[in-house]
Amino acid sequence: MNRLPKSLFIGGFITAAMVCTAILSRFWTPADPTGMNILQRLKPPGPAGLLGTDQIGRDVLSIIMSGAWTSLGIAVVATVIGGAIGIGIGVMAAAKGGSVERLVMALNGVLFAFPPILSAILLGALLGPGGLTSMVAIGVFMIPVFARVSRAAAIQIWARDYVKAARMAGKNDVLITLEHIFPNISAQIIVQLAIQTGLAILSEAGLSFLGMGVSPPTPSWGRMLAESQTYLASAPHLVLAPGLAIAIAVLGLNLLGDGLRDLTDPRRRQNT
Amino acid sequence: MMLDVKDLRVAFRRENQPATEVVHGLSFSVKRGETLGIVGESGSGKSVVSLATIGLLPGTAQATGQILFNGQDILTLPEPDLCTLRGDKIGMIFQEPMTALNPAMRVGAQIAEGLILKKGFSKKAARAEALRLLNMVQIPRAAERIDSFPHEMSGGQRQRVGIAIALALQPDLLIADEPTTALDVTVQAEILNILDDLITELGISLVLISHDLGVIARITDRTLVMYRGAEMEQGPTEDILRRPGHAYTRKLLAAMPSRVRASLEVGP
Amino acid sequence: MTRLLTLFRGLLVTAAVLLAASLVIFLLIDAAPGDPAEIMLGTSAQADTLAALRHELGLDLPLFSRYLSWLGGVFVGDFGQSYTYGVAVGELIGDRLTVTLPLTVMATALAVAVSLPLGVVAAARPGRAEDNLASLFAQIGIAVPNFWIGLLLIVTFSLNLKWFPPGGFPGWEAGFNAALGSLILPSIALALPQAAVLTRVTRAAVIEVTNEDFVRTARAKGLTKRRALWRHTVPNALLPVVTMLGLQIPFLISGAVLVENVFNLPGIGSLAYQALSQRDLIVVQNVVLLFVAIVLVVNAGTDALYARLDPRLRARK
């Protein structure tokens, strides 16, 4: 057990904690995250609430917990869908090569120029803000990321002798992809999935901060930070909680990804 | 005795495993102006011996015994003193000319670097000396090539640059670790000849390491045969070739192409 | 000769991709709700006045010709007229650039100044305290949202310590120091994630190069570890770092949008965002195109730079 990387444990623990919190929030939170209580507004952490209350008296801890569901939900959906498409075209590019590959690379080039915030601005013009806009904007940027990673990984597998032999023996490209390529690139893909989900959470927070994410009353960490801006001087505790939540969530996923990478990297050399 | 190695043992530490010894109690010496050849197949530990002699063993290595260079023990010298010795007194040529040179630095600059940093040469003087060295190792059109990048040169030329770099500070001892192994056969002879001429002319002692007995036979005075980290036999090269005392040496000889063997007039 | 051809082909591909992106941008904006004429004149304007304005702006032309006229305009520097600001979009962008450009340059310079030595030192002593500290810095820097750091910086340095203004930009006319002063905290917030990523990349690159043979040759010449590191290892490790810098541009742009928002800076990032909320779609359209163009040009540039330096390093086959 002590052969497993530390980062895997810490990252796994944090991520698991976040997932559990998110799921738990659907059933229970210390107080109603949307429950206003003007008399109790802007109270620091203490008797009013474990993390204090916000400008209209809502319990910060409850909003944080519910916000986990929002962040995680959007991040996971965007990553999975964008990732699936990206992996699909990346693997296809590696298998087919030639003009198909060039087309995919060109497509990647276009998509890479549209980081989530930019896409969200464009989509926001078209669709208006909201969870869907966020998901699409974030997901669209996932496509070139995963396409690039999976193509690079797949190309290395295609170069292996036994795969070349299978192809020369006349085996169908699709079958080779399913039987040889996917299993061998899965480790790298999983690592990227973890890391990109973390980045998706960051993107979602940024979009919500600008008001282009989910609308109230759906709780969101990014929007909490935006709302806390007015009270920077009077209630600094409102800035800390959501920011820490975001940072910890992303850190957990990054560490998980790093840990998985250390675990599966054949070279296993982080420190020479 | 310029170089006196006494009971050298080198072991490599590994994660969660006991250290593996790769050199088992080696002893040999090299006189001033003498050429010693160390021959053995891969895994014999000969490269480790060369790195130990210049004090460049990796951090995972543990070495015991003594490597006395002009009386100083390389194994116990502090790093700053080793840095002073390296280049100045002990020079080294490596196996892979492709990768042994800095790809982003011009060839002349790489030769001149030691002169500028360690001998206080001016840039101009160092460059002039680098040019002289390039001519000495017989690089054609040296005045142009001095500003070339390594990837613009052939393997043989790169190795010659390597020799020039090693000789720039006029060391007393030169260690050549498989200097010809990565080169084409025709180039090998040229490099060996250059090496031979230079050490004779400059009076430099040479430790030549190779897996190829033919290479060893050409220019060494004495030979040490290694197998799996231990000494099989050592003695004057001619004796080793003509009257091999050890079964392993005989195997090595037998493995040489017969024509080469004949040209060297070696033993049974 | 082939190098020129490759360069040319790269330029062609970039132009093609840019064209494709411009089409995407145009179509999305065109499909978006919002009548430019109404926005300019107000919803209570007369129907025929609106129609006249629409005709004047060329909004009643078919889709493709509108697209082409926009592109044609972009080529000569005419980006159209803002619906809400009443000035030429080009002028608007130009004004805002005087804030965003210094901001991003400062942030990048800061990120490199921090990450390069940190990454090199961490790589030189792997597993030791310096390395662990650098890795900690990198992990945290990548995980924290830059706009949150901005807020924290404001709370600490503006509100509590009163060293810097809490936001806003006095304009370059107010004096170099005043203007620069208002860009310092935003630069730090913008620089942090970049520095974190670059530290990791630098460290990895230096570690990889340290194992190369030529570093050993340098040591055999008598160079100390430190000299070998800075004179041989680091210059050869810079290439992946520079490449990464190029790849970071999209994130730099996104970051600028967020940071300018937090610090109330009148830059291009906040322009894009404000224009969106005001439905000033022509501004949005051009600014997004500008961003995309920057990303593509920088990427093409880094690719070209890599290709130029790479054959040098391709000495090993």
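**Exercise 1. Strand pairing in chain B**

Which residue is the bridge partner of B:V5 in β2(B)? Place the pair in its sheet, working on the predicted model.

Solution.

Step 1. Identify the two strands. β1 of chain B covers residues 3-14 and β2 of chain B covers residues 17-30. They run antiparallel to each other and are joined by 8 bridges.

Step 2. Read off the partner. B:V5 is bridged to B:F28 in β2(B).

Step 3. Examine the connection. β1(B) and β2(B) make a hairpin, with 2 residues between the strands. In this turn, B:N16 has a positive phi of about 55°.

Step 4. Extend to the whole sheet. The sheet in chain B is open, has 4 strands in the order β2-β1-β4-β5, and its pairing is antiparallel. β2 and β5 (72-73) of chain B are the edge strands, as each pairs on one side only.

Step 5. Check the other end. β4 of chain B (residues 61-69) pairs with β5(B) in the antiparallel sense, over 2 bridges. Within this pairing, B:L68 has B:D73 as its bridge partner in β5(B).

**Exercise 2. The interface of chain A and chain C**

Describe the contact between chain A and chain C by residues, area, polar links and contributing elements.

Solution.

Step 1. Count the residues. Chain A gives 42 residues to the contact and chain C gives 49 residues.

Step 2. State the area. About 3,800 Å² is buried between chain A and chain C, with 77% of it on carbon and sulfur atoms. On the chain A side, the residues that lose the most area to chain C are A:I121, A:L122 and A:L210, which together account for 15% of what that side buries.

Step 3. List the polar links. The interface of chain A and chain C has 1 salt bridge. A salt bridge joins A:D258 and C:R200, whose closest N and O atoms are 2.5 Å apart; the cut-off is 4 Å. Between chain A and chain C, 6 residue pairs are in polar contact, counting pairs with both residues at pLDDT 80 or more.

Step 4. Assign the chain A side to elements. At least two residues each come from α3 (98-112), α4 (116-127), α5 (131-158), α7 (173-209), α8 (221-228) and α9 (237-264) of chain A. The largest share, 11 residues, belongs to α9(A).

Step 5. Classify the residues. The side of chain A that touches chain C holds 29 nonpolar, 10 polar and 3 charged residues.

**Exercise 3. The two domains of chain C**

Describe how domain 1 of chain C meets domain 2 of chain C.

Solution.

Step 1. Set the bounds. Domain 1 of chain C spans 14-75 and domain 2 spans 99-316. Their C-alpha centres are 36 Å apart.

Step 2. Count the contact. Domain 1 of chain C supplies 13 residues and domain 2 of chain C supplies 12 residues.

Step 3. State the area. The two domains of chain C bury about 1,200 Å² between them, and carbon and sulfur atoms give 78% of this. In domain 1 of chain C, C:I25, C:I29 and C:W70 lose the most area to domain 2, together 40% of what that side buries.

Step 4. List the polar links. There are 0 salt bridges between the two domains of chain C. The count of residue pairs in polar contact, both at pLDDT 80 or more, is 2.

Step 5. Assign the domain 1 side. α1 (2-31) and α4 (63-76) of chain C are the elements that give two or more residues to it. α1(C) gives the most, with 8 residues. By class, this side of domain 1 of chain C has 11 nonpolar, 2 polar and no charged residues.

Conventions
Residues are numbered from 1 along each chain as its sequence is written. Chains are lettered from A and ligands numbered from 1 in the order in which they are written. This is a predicted model: local features need pLDDT of at least 70, side-chain atom pairs count only at pLDDT 80 or more; totals for chains, interfaces and linings use all residues. Side-chain values use heavy atoms; hydrogens and water are left out. Contact means heavy atoms within 4.5 Å. Buried area is the accessible area (1.4 Å probe) that two parts lose on being put together, summed over both. A salt bridge is a side-chain nitrogen of Lys or Arg within 4 Å of a carboxyl oxygen of Asp or Glu. A polar contact is a pair of N or O atoms within 3.5 Å; within protein, one must be able to donate a hydrogen and the other to accept it, and residues adjacent in sequence count only if both atoms are side-chain atoms. Ala, Val, Leu, Ile, Met, Phe, Trp, Tyr, Cys and Pro count as nonpolar, Asp, Glu, Lys and Arg as charged, and the others, Gly among them, as polar. Domain bounds come from an automatic or database domain assignment. Two strands pair if DSSP finds at least two bridges between them.
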